[in-house]
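Here are a few exercises to work through with the model open in your viewer. Try each task before you read its solution.

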Amino acid sequence: MMKNNNEKKYEELYKVASEIRKNAYAPYSKFKVGAALLSENGKIYTGVNIENASYGATICAERSAISKAITEGERSFEAIAVSASKNPAFPCGICRQVLAEFAPDIEIIVRNGKDLEAYSLEELLPYSFKLKEK
Ligand code: THU
């Protein structure tokens, strides 16, 4: 499923996601998630889930990472790795829509047993909402 030349790069990206997971703030669900977002410039932006006593105010790891990257001026992304308490962990619907805004061609990297798998956003969110075609 994964292109051979990307395997090493994505293993490293996944490792970053797994390491940052320790900083997740998940006292309510106890489900910790770490994300590592690779920009086209080759920089990695990490994110963790940040829960809230008002549950709906929770932000997922993927959106934490993208918020950081967009704030730093990044606009193009190659891949995002997601590591959670239980894997594979796919981005939720809201995060898929946020990724579609900035990175319609991004690859989503998840762990399935000892293998890494790469999915296109088009596979995970076909017919995503757009105000107009870019
Ligand atoms: N969560 C993420 O951080 N990313 C996902 O893609 C799915 C869910 C978080 C939100 C919440 O803090 C916890 O996982 C349980 O839903």
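**Exercise 1. Explain why Cys95 and Cys92 are not bonded to each other through sulfur.**

Solution. Keep in mind that we're working with a predicted model. Start at the sulfur of Cys95 and look for the closest cysteine sulfur: that one belongs to Cys92, 3.8 Å away. Next, bring in the cut-off, since a disulfide needs its two sulfur atoms within 2.5 Å. The Cys95–Cys92 pair is therefore too far apart for a bond.

Now run the check from Cys60. Its closest cysteine sulfur sits in Cys95, at 3.9 Å, so this pair is too far apart for a bond as well. To finish, the count for the structure is 0 disulfides.

**Exercise 2. Find which residues surround the ligand, and sort them by class.**

Solution. First, walk around the ligand: you'll meet Ser29, Phe31, Val33, Asn49, Glu51 and Thr58, then Cys60, Ala61, Glu62, Phe90, Pro91 and Cys92. Then sort that shell, which gives 7 nonpolar, 3 polar and 2 charged residues.

**Exercise 3. Track down polar atoms of the protein that lie by oxygen atoms of the ligand.**

Solution. Begin with Glu51, where a polar side-chain atom is 2.5 Å from a ligand oxygen. Move on to Glu62: an N or O atom of its side chain lies 2.7 Å from an oxygen of the ligand. Phe90 comes in through its backbone instead, with a polar atom there 3.4 Å from a ligand oxygen. As for cover, the ligand on its own would expose 370 Å², and the protein buries 77% of that.

**Exercise 4. Work out which pocket the ligand takes up, and describe its lining.**

Solution. Match the ligand to the pockets, and you land on the second largest one. That pocket holds about 150 Å³ of space. Now look at its walls: 13 residues line the pocket, and nearest its centre are Phe31, Val33, Asn49, Cys60 and Glu62. Last, split the lining by class to get 8 nonpolar, 3 polar and 2 charged residues.

How values were computed: Residues are numbered from 1 along each chain as its sequence is written. This is a predicted model: local features need pLDDT of at least 70, side-chain atom pairs count only at pLDDT 80 or more; totals for chains, interfaces and linings use all residues. Side-chain values use heavy atoms; hydrogens and water are left out. A residue is near a molecule or strand if one of its heavy atoms lies within 4 Å of it. A polar contact is a pair of N or O atoms within 3.5 Å; within protein, one must be able to donate a hydrogen and the other to accept it, and residues adjacent in sequence count only if both atoms are side-chain atoms. Accessible areas come from the Shrake-Rupley method with a 1.4 Å probe; for residues, only the protein chains shown count as cover. On a 1 Å grid over the protein atoms alone, a cavity is a set of points where a 1.4 Å probe fits but cannot get out, and a pocket is an open set with protein on both sides within 12 Å along at least five of seven lines; lining residues have an atom within 4 Å of a point. A molecule sits in a cavity or pocket if more than half of its atoms lie within 2 Å of its grid points. Ala, Val, Leu, Ile, Met, Phe, Trp, Tyr, Cys and Pro count as nonpolar, Asp, Glu, Lys and Arg as charged, and the others, Gly among them, as polar. Grid points are joined across faces, edges and corners, and a volume is the space filled by probe spheres set on the points.
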